[in-house]
Amino acid sequence: MYSIDDLLPLSALQHIVFCERQFALIYIEQIWAENRFTVEGKILHERVHEEDLKKRGDVHIEYGISLRSLRLGLIGKADVVEFHRFPGGSWLPFPVEYKRGKPKADDCDRVQLCAQAMCLEEMLGVAIPNGAIFYGRTRRRLNVSFDEALRRDTEETAMKTHALIESGITPKPVYAKRCGRCSLMTICLPKQIQKKRSVKDYLSRVIGEL
Ligand code: SF4
């Protein structure tokens, strides 16, 4: 169990799944920069929080609910939590996260949503089997099942965020396709640093062979 002072933002999970160096630059070195993707994402989230629809049939909708898990060591907010009414009158939470783009190749969005569900489970003492991610580009909701594998991934990712913060070490950059979408590209300089490293490695190898 973590203490209140040790809690990390839920959004950190998304960053560490995307790139460990990006996570470290933001949460260890306190560096942040916006790009088109981050600004569009922010606007979408603001719009969601301005919504005031509260009820849709047997669904009650809450916006911007505060979340916390001492077990995972996370704190944050849910964009939307729908409460679905079941026969007998009980209400089951169903978290919905809003994203600007389209479904991604990595699991960062699913892990973040699962962490929200696990926070709600700890806070409300209920089991939450499903949630959804709404993607702005495709205008579609993708249903997410919180199965064993996703829960394990989420727990391991949360543990990794705390371990990396504790180490205080920012990993070296590894240039990849994702760098093109990263708002920290001009600060991180992955291509340049990697090139410098390979020249340095080459020189030390050659000198070592002499
Ligand atoms: S530019 Fe690439 S390596 Fe650097 S932080 Fe972003 S994703 Fe990671």
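**Cores and strand pairing in the predicted model**

The largest nonpolar core holds 25 residues, and Leu67, Leu74 and Phe146 are the ones with the most contacts inside it. Five elements each put at least two residues into this core: strands S3 (59-69), S4 (74-85) and S6 (130-135), plus helices H4 (108-124) and H5 (148-167). The top contributor is H4, which gives eight residues. As a general point, nonpolar side chains in soluble globular proteins tend to be buried together. All of this comes from a predicted model, so to speak a computed picture throughout.

Phe146 deserves a closer look. Setting aside neighbours within four places in sequence, Phe146 is in contact with Pro95, Leu113, Cys114, Ala117, Ile128, Pro129, Asn130, Gly131 and Arg151. Apart from this core there is a second, separate one, made up of twelve residues, with Ala12, Ile16, Phe23 and Tyr27 among them.

Now for the strands. S5, spanning residues 91-99, is mostly covered, with seven of its nine residues buried. On one hand S5 pairs with S4 in the antiparallel sense, over six bridges; on the other, S5 pairs with S6 in the parallel sense, over four bridges. In the S4 pairing, Arg85 stands opposite Trp91 of S5. In the S6 pairing, Val96 has Ala132 of S6 opposite it.

The link between S4 and S5 is a hairpin, with five residues between the two strands. Gly88 sits in that turn and has a positive phi of about 105°. The route from S5 to S6 goes by way of a helix instead: S5, H4 and S6 make up a β-α-β unit, and that unit is right-handed. H4 thus turns up twice, as part of this unit and as the element that gives the most to the largest core.

Stepping back to the whole protein chain, the secondary structure comes to seven helices and seven strands. Read from the N terminus, the elements follow the order β-α-α-α-β-β-β-β-α-β-β-α-α-α. Of the 210 residues in the chain, 40% are buried. Counting contacts between residues at least 6 apart in sequence, 63% join residues at least 24 apart. As for the surface, the chain exposes about 12,300 Å², and carbon and sulfur atoms supply 55% of that area.

Methods. Residues numbered from 1 in each chain as written. Predicted model: local features only at pLDDT ≥ 70, side-chain atom pairs only at ≥ 80, totals over all residues. Heavy atoms only, no water. Buried < 20%, exposed > 50% of the residue type's maximum accessible area, 1.4 Å probe, protein only. Contact = heavy atoms within 4.5 Å. Areas by Shrake-Rupley, 256 points an atom, 1.4 Å probe, with all protein chains shown as cover. Core = buried A, V, L, I, M, F, W, Y, C linked by side-chain atoms within 4.5 Å. Pairing = 2+ DSSP bridges. Right-handed = clockwise from strand over helix to strand, strands pointing away.
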